[in-house]
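Please look over the model below before reading my notes. The points are short and can be taken in order.

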Amino acid sequence: MKKYLKISLVYAIFAMIGGVFYREFTKFNDYTGVTTLGKVHTHLFLLGMIVFMIVALFAKDNKLEEQKSFRVFMYVYNIGIAVMISMMILRGVVQVIELNVSNSVNVMISGVAGLGHIAVGVGIVLLIISLMKVDNKKGYE
């Protein structure tokens with residue numbers, strides 16, 4: 001349980017850093033429009049901090065770590081969030097500094113961000129499967 005609360009704390013810290021970066025970076029560049037940077041903060045809070053707080057609650061009374069699908073979830077989900085957030089930051093910085101990038105660079109950023117989103121989605125499915133397996137081992141239906 002404590003391990004997942006520590007992970008949750010790390011995500012909370014990164015979420016706060018993301019929020020401060022968004023506010024200060026846009027202010028420094030006199031940018032007032034909508035940017036992807038504004039969504040980094042909330043994505044990290046929800047997909048990072050909140051999800052791992054929930055995982056901590058389930059891990060308290062269950063043996064999630066014994067589930068192979070849970071161990072795979074931990075890797076796939078965290079890597080997916082890292083990729084997704086990195087691309088959100090990259091996209092946001094490009095928007096704020098109004099960098100004129102080629103269409104192929106835009107497609108690359110979107111493609112890699114999409115892979116991150118897919119990994120997060122697969123991770124969520126793996127987490128649900130893990131919780132269902134733990135629940136079934138207790139004899140519930």
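1. What pattern does the protein chain follow, read along the sequence? The pattern is α-α-α-α. This is a predicted model. The protein chain has four helices and zero strands.

2. Next, the overall dimensions. Taken along the principal axes, the C-alpha atoms of the protein chain fill a box of roughly 60 × 30 × 20 Å. The chain has 141 residues, and buried residues make up 37% of them.

3. On contacts, consider those in the protein chain with a separation of 6 or more. Of these, 84% come from residues 24 or more positions apart.

4. Now the surface. About 8,600 Å² of the protein chain is exposed. Carbon and sulfur atoms supply 69% of that area.

5. On charge, the protein chain carries 14 positive and 8 negative charges. How far apart are the mean positions of the two sets? They are 6 Å apart.

6. The aromatic residues deserve a closer look. The structure holds seven aromatic pairs. One of them joins Phe70 and Phe73. Their rings lie 5.4 Å apart, centre to centre, with 35 degrees between the planes. The pair counts as tilted because that angle is neither under 30 degrees nor over 60.

7. Where do Phe70 and Phe73 sit in the fold? Both belong to helix α3, which covers residues 68-96. They are three residues apart in that helix, so about one helical turn separates them.

8. Are these two rings' residues buried or exposed? Phe70 has 1% relative accessibility and counts as buried. Phe73 has 0% and also counts as buried. The cut-off for buried is under 20% relative accessible area, so both values meet it.

9. Phe70 and Phe73 also belong to a wider group. One aromatic cluster is formed by Tyr4, Tyr11, Phe52, Phe70, Phe73 and Tyr77.

10. Finally, a residue in another helix. Ile118 lies in helix α4, residues 103-137. Is Ile118 buried or exposed? Its relative accessible area is 53%, so Ile118 counts as exposed, the cut-off being over 50%.

11. Ile118 can also be placed against Gly80. The two are 38 residues apart in sequence. In space, their C-alpha atoms are 7.4 Å apart.

Conventions: Residues numbered from 1 in each chain as written. Predicted model: local features only at pLDDT ≥ 70, side-chain atom pairs only at ≥ 80, totals over all residues. Heavy atoms only, no water. Helix = DSSP H or I, 4+ residues; strand = E, 2+ residues; numbered from the N terminus. Buried < 20%, exposed > 50% of the residue type's maximum accessible area, 1.4 Å probe, protein only. Contact = heavy atoms within 4.5 Å. Areas by Shrake-Rupley, 256 points an atom, 1.4 Å probe, with all protein chains shown as cover. Lys, Arg positive; Asp, Glu negative; His and termini not counted. Charge placed at Lys NZ, Arg CZ, Asp CG, Glu CD. Phe/Tyr/Trp six-rings, centres within 6.5 Å; stacked < 30°, edge-to-face > 60°.
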